[in-house]
Each structure stands twice: as C-alpha cells, then as structure tokens.
There are 2 protein chains.
Amino acid sequence: FIERAFLLAEESLGQVSPRPSVGAVIIKDNKLISEGKTDPQPGNHAEVNAINKCNEDIVNSTLICTLEPHSYHGVSPPCTEAIIKSGIKKVICPIEDPNPKVSGNGFRQLIHAGIEIERNFSKKHIKRAKKIIEGFEKSLVYKIPFISLKIASSIDGKISTNSNQSKWITSEKSRNYGRLLRSKYDAVMTGINTIESDNPQLTFRDKNDNNTGYPRHKIVLDSNGKINQDAKIFDSNEKTIVFTTDKNKINFKKNNLEIFEVGNIDGRTNLSEIMKILNNLGIHKILVESGNILNTELIKKNFVDKVYFFISPKIIGGDKTSVGDIGIQNIKDIIMLRDLEYKYLDEDILLSGYIKEKNNVFRNN
Amino acid sequence: FIERAFLLAEESLGQVSPRPSVGAVIIKDNKLISEGKTDPQPGNHAEVNAINKCNEDIVNSTLICTLEPHSYHGVSPPCTEAIIKSGIKKVICPIEDPNPKVSGNGFRQLIHAGIEIERNFSKKHIKRAKKIIEGFEKSLVYKIPFISLKIASSIDGKISTNSNQSKWITSEKSRNYGRLLRSKYDAVMTGINTIESDNPQLTFRDKNDNNTGYPRHKIVLDSNGKINQDAKIFDSNEKTIVFTTDKNKINFKKNNLEIFEVGNIDGRTNLSEIMKILNNLGIHKILVESGNILNTELIKKNFVDKVYFFISPKIIGGDKTSVGDIGIQNIKDIIMLRDLEYKYLDEDILLSGYIKEKNNVFRNN
C-alpha cells in the first residue's frame, strides 16, 4: 500500500507548493478503505482528505502516509489532531518532516495519544519519500528553490548548430518526456536568449493537445528588458514572472505577467536575489530549460541540484556546448553526479543525477 | 557451431591484415571435429588450417566458415581447392567475399565440384559476418582504411579541463575496455598534440601487464616533425609510423620507427595521401584516439566510419569539446549514427555506432 501512497504524492508534484506533496492511504483488514493527497492551499492536507473521504469504519485502521503528519496550526489545522480524533490505531510513515516546527513532533504527539508508529522502511523507500519533498526541503533549509537543469544535446555535447538551430536534436519521445518533466516542477525557467531564438511556450499539454495549466509558473531572466509582448510564452494563462534589471524598458502589461526588478551583476540579473524572491513566492522546484549562459552561471554559483541530460546519438560539431567555463582547471574538481538514472527514449539516452556536493562548498553564495 | 566460427574470426581481429579474419569449423555427425582461423601472412587461411588440423575422418563432413572460401592463387593457394580435395560434402557460409576476384566464384567452384552450399542465415548473422570483414571490405572498395574514432568525454561533451587535463575523465572499466578495443584494430592513430600532452603508449597489455604486441601499428600525425625520441610510444616494439610534412626535422632513428613525408594542406599533413599509404601498407582498420583537431578533420573529410563515445556522468564545462566545426549549419545536416550499441561501464555509458552515409556524399574526397 505504500506504493499507492507514493503514487498519490508523485501525482501532485508541481501542483501544491509551497506545501510538500504528500500521499496517504487508510488500510483496514488488509484492505484499502480510503486515500487522499495534498490539496493546493487553502485546501486540506493528504491525511485529512483520506480521513474525510473514508466511507467505512475508520476505527482501529492504519494510516500510511509519505511524510510525517504536521503538528501545528498553519493554514490548515494540525493533521495529528484529525488522526487522533478519527480513531486510527497505527501510522506507517518513512520520513520525518524536515520543517523544524514538525520534525519528530508529529510522531511524538501521535505516540502520546496511544497511536502506534511504524517506521521500518528500506533505504529505497526512504530515498523515494525524500525525493518527493526535495523542493520543500531545499526551500526550508537554504531558503532558495531546488534547481534542475534540462539539457538536450548531441553526443558530442552540442545544443545547437553554429547557426543556432536546435529544433530538434533529440527524439520526439525525449521531447515529450521533457514536457512531462515540466509539469512536475513548480516552475520552468529560461533566459531571454532562448525566448528570442526558440520562442517556446513552456507548457505541458495533455493527449488532446489541451494545456494542462502546469507548470504553474514560467520564469524569464531578461536583464535588459528585451521581452516582446507577442512572445509565445504569454499565450497560455499560467503566470509568467520576468526578472530584469531595468523594469522601465518593459512597457506593456499582461494579466499573467509579473515583473521584478533586481540588481545588476556584470550586466546580468542578480541570481541570489532572484532565488530569494522565488522562494518567498512559494516556488520550491524549478526546471531550467535554457542555453549555455544561464546553465553556466547557475552551475558556477552552486545553485544547481539536479541535471537531466538528454543525449541524442548525432554529431553536430562546433562550439555550442551546454555548459561553458565553470572555472574547473583540475580533473579532481570536476563535478560528479550521484544517484544516476539511465532511461532510453527511442535512440536517445536520458541520464539524470544529482550534483555531488563537496564538503567545503556552501550552497548559497 | 556458427557461433564458434564467429568467435574464432573475432579473436583474430587486428592480427591478420591485410587478410580478412576468418573462422572455420568442421562438423561430422553433429560433432565438431576440427577448427581453424586465419594465420597472418604467409601462413594458411582458416579453412586450410581447419582441414590440416583435422584428426578424424573428414570425408562427408561439413565446413562452416564466416566468409566465402577464396578461389584464386594469391599468397596462399585457393581454399576451394583444399576443400574439394578433402572430401568435405557441404559448406555453410553467410557471406560472399567482397573481393571481385572471389565474390561468388568460391561458391561456384565448390558447387561445380559437387559440394552442397548452404547460405540460409539470419540478418543478425549476416551483419556479424560483415562486421568482421568491415576493414577488409572498406579497403577493397575505397582503397582507404576503415576509421573509428574513440572519444572519452564528460556528459557535457568535454574531453579535458581548460588546462588540458584529461586523466581520467572516464572510469577504469571504460579505459580498460578502450585498450581492449585497440587490440581489435590493425593500428591506433593519434596526433602530435596528444603525444605531447598525454604521452600515451597506445598498447594493449594482458592481465599480467605484459605487452601483447597489439595493436600491431601505431600511427602519429606530426606535421611539423615535433616528435621526441623519448616519447613513450617508442617504448614497445610495435611499429610506429610517423607522418610529417618535413622529414628532416625528425633527426633520430629507431628500429620500430618508420617516417613518411606527405604533402602539406593548410599546415597539416594531407589526410588523403596518408590514407592511401596506410592502405598500401595493408592497414585496413584504424582506431583514432586523438583530440579535437584530428577528430574534426577526419569527420569533416568523411573518413570516419564508426565512433565510440565513452560518456562519463561528470560536468567539466569550458570549451574543450570532442568535435570542432565540421561545417554543419542546419539541423537536417547533422551526422546521424546507425546500428547503435549501448554498454554500461561502471557509471559510464559507451555509445557506439556507424556514421550514416548520405546518398550524395562520396567517401573518398
């Protein structure tokens, strides 16, 4: 049944920030009698949804949830309260809430009320549960969002031809998978150069080609305020957030457009400032689909947590590479990836992994 | 039993050029009674070796061989003659010899002598048989060697750091596999820059770290005659062939060194001339382990038949890429690969494939 709880949590990824996505199932006599997932604010949490939806006798049942039930009064009343009231006898849950307001308190409150807690999970399950809340956790600990880079390149590492053509290097299956990825993030981010050269919509469409509304936010870094009001990124209703160093240059308005003016560093928008603003907006997990310049700056400044490399077995040649100079001189300083996953998408390979942090490097600069 | 014949042929790859590598087994009453493989010149061909080594009654037996038996007097007398004399009743063989002196004549001679020929093979078997003789066939048809590029890069397509460090980007398993590959080629080729920066030996050593003597030839392109007599490439006895545009600058001698002076194109050695010389030396299959400049020139001039990309899940950044400008402006002109193979080597991926030829491009320029 934990599998079902995981799936419920994973379904809501990209939909409920600033809340963590949680899945919950209620079991009685080895039968699933109810299930729930987190609503976006101001709705209910997963545990309360599962309890409320339950049509069978809940007394003495078992609750399985993917994250420690929260124990304080925030936008919603504490889940622990609802669980205790319901008559649930046992709670099975792999991980503590990294939120210092909870972290263990949820479990303690439940134990205090006579509810049995089971936390005997495999490493694999714990990893999966932690992965679901990685954006929430990054935001809590570092006050900046979790950043993933998506890169589509040829096998010789090029993201476009010399004349900047990049449509399409990777296979249709890779591109579809890339769009699905977008929907699992709170926002997708790109630079003004990509807007100008590719004019992307940055949406995720369903099988009938209808816009799903995800990702909920689109972010454009546009230091010189060059964005055009006819850019396709405005064609759908999700909020578009533009960061610039000179707000006055953007002299048009859109219902779905929000503009932030930030500081200027070497002619570019100040990334640290941007990350803090995004975090305050409740945006915890961002997929970056951009070019060499933004990729390079994000990696160089240690903002990147995860990378997705879609590699297509083609040779382009030239110098349009995915990552520019990040200041590495010695092989020992190369950036290593961990928790690698390999996926075949037609002839392409998707290799994804997390950036291995060095002991002496601090994330937030 | 065809499997055994293939293995025998594959074992001799890199050892018998200018001959094609062939494996042969003799079967009687569904039992293997003898086997043979091609000797280097002036030894015997595989079929004759199998016949000569046979200690049981060969009359009415079946011969399985990976390539059509040759039918003319060359360094060795025709294999067809030996087969007919031996009393073998049936020959099973997947492909014709592409040599116009044979191509079907071998089978015709055998049929004429009353020997049954079976050529009912799966596509996979035919492909495997053709792969074994790909160097031999390229040399016959185009009068130049079959060229493979070996590239070891980070996932962002870089072959060294900014300060030219490349030891080691890929895993030990990848490097071992790369050295094994060398031994399956008639020669390994590199440029003087790689000699100067990495000082490689370009050998294949056995488990006890003894040199195997393969690849049999090492080739260095050294347009300005900069090679140093202390370079490690001279440390083993295999022949080292240096191509230069100014022979006088190389003022030392080695027993294992042969120097060719070739024409100068834009300050570099004339590749077309080099390919013809190598082909005349009986070198049919070359593995190139070099850097951006030679890789780029070989691809640009359509000399490359196959590529091996060893990709390590690490990020280096910078601009040291594996393939430079090959003149591609439009996505539709990107070089596609076919017959792809994927192999995991620890965390690395080896992606290998053949360059897809375009209809209107001629190989030899």
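**Figure 1. Burial and ring geometry of A:Phe146 and A:Tyr354 in the predicted model.** A:Phe146 and A:Tyr354 are both buried. Over all chains, the structure holds 12 aromatic pairs, and one of them is shown here: with ring centres 6.3 Å apart and planes at 65°, an angle over the 60 degrees required, the rings of A:Phe146 and A:Tyr354 form an edge-to-face pair. The two partners connect distant parts of the chain, since A:Phe146 belongs to strand E6 (residues 146-154) of chain A and A:Tyr354 to strand E17 (residues 348-355) of chain A, with their positions 208 residues apart.

**Figure 2. The pair formed by B:Phe146 and B:Tyr354.** In chain B, the ring centres of B:Phe146 and B:Tyr354 lie 6.3 Å apart and the ring planes meet at 70°, so this pair is edge-to-face. Distant parts of the chain are linked by the pair, with B:Phe146 in strand E6 (residues 146-154) of chain B and B:Tyr354 in strand E17 (residues 348-355) of chain B, 208 residues apart. Both B:Phe146 and B:Tyr354 are buried.

**Figure 3. Lysine side chains placed over aromatic rings.** In chain A, A:Lys285 lies over the face of A:Phe146, at 5.5 Å from the ring centre; A:Phe146 is also the ring that pairs edge-to-face with A:Tyr354. In chain B, B:Lys285 lies over the face of B:Tyr185, where the distance to the ring centre is 5.2 Å.

**Figure 4. The largest cavity, with lining residues from chain B.** A search of the whole structure finds 3 cavities of 30 Å³ or more, and the largest of them has a volume of about 120 Å³. Its lining comprises 17 residues, of which B:Leu13, B:Ser17, B:Arg19, B:Ile132 and B:Asp186 lie nearest the centre of the cavity. Sorted by class, the lining consists of 6 nonpolar, 7 polar and 4 charged residues. Domain 1 (1-130) and domain 2 (145-355) of chain B each contribute at least three residues to the lining of this cavity.

**Figure 5. The second largest cavity, between two domains of chain A.** The second largest cavity encloses about 100 Å³ of space and is lined by 16 residues, with A:Leu13, A:Ser17, A:Arg19, A:Ile132 and A:Phe136 nearest its centre. Helix H6 (residues 134-142) of chain A gives the most to this lining, with 3 residues, and by class the lining has 6 nonpolar, 6 polar and 4 charged residues. Because domain 1 (1-130) and domain 2 (145-355) of chain A both supply lining residues, the second largest cavity lies between them.

Technical notes
Residues are numbered from 1 along each chain as its sequence is written. Chains are lettered from A and ligands numbered from 1 in the order in which they are written. This is a predicted model: local features need pLDDT of at least 70, side-chain atom pairs count only at pLDDT 80 or more; totals for chains, interfaces and linings use all residues. Side-chain values use heavy atoms; hydrogens and water are left out. On a 1 Å grid over the protein atoms alone, a cavity is a set of points where a 1.4 Å probe fits but cannot get out, and a pocket is an open set with protein on both sides within 12 Å along at least five of seven lines; lining residues have an atom within 4 Å of a point. Grid points are joined across faces, edges and corners, and a volume is the space filled by probe spheres set on the points. Ala, Val, Leu, Ile, Met, Phe, Trp, Tyr, Cys and Pro count as nonpolar, Asp, Glu, Lys and Arg as charged, and the others, Gly among them, as polar. Domain bounds come from an automatic or database domain assignment. Helices (H or I, at least four residues) and strands (E, at least two) are DSSP runs, numbered from the N terminus. Rings of Phe, Tyr and Trp (its six-membered ring) pair if their centres lie within 6.5 Å; planes under 30 degrees apart count as stacked, over 60 as edge-to-face and the rest as tilted. Buried means under 20% relative accessible area, exposed over 50%, partly exposed in between (1.4 Å probe, protein chains only). A charge sits over a ring if NZ of Lys or CZ of Arg is within 6 Å of the ring centre and within 35 degrees of the ring normal.
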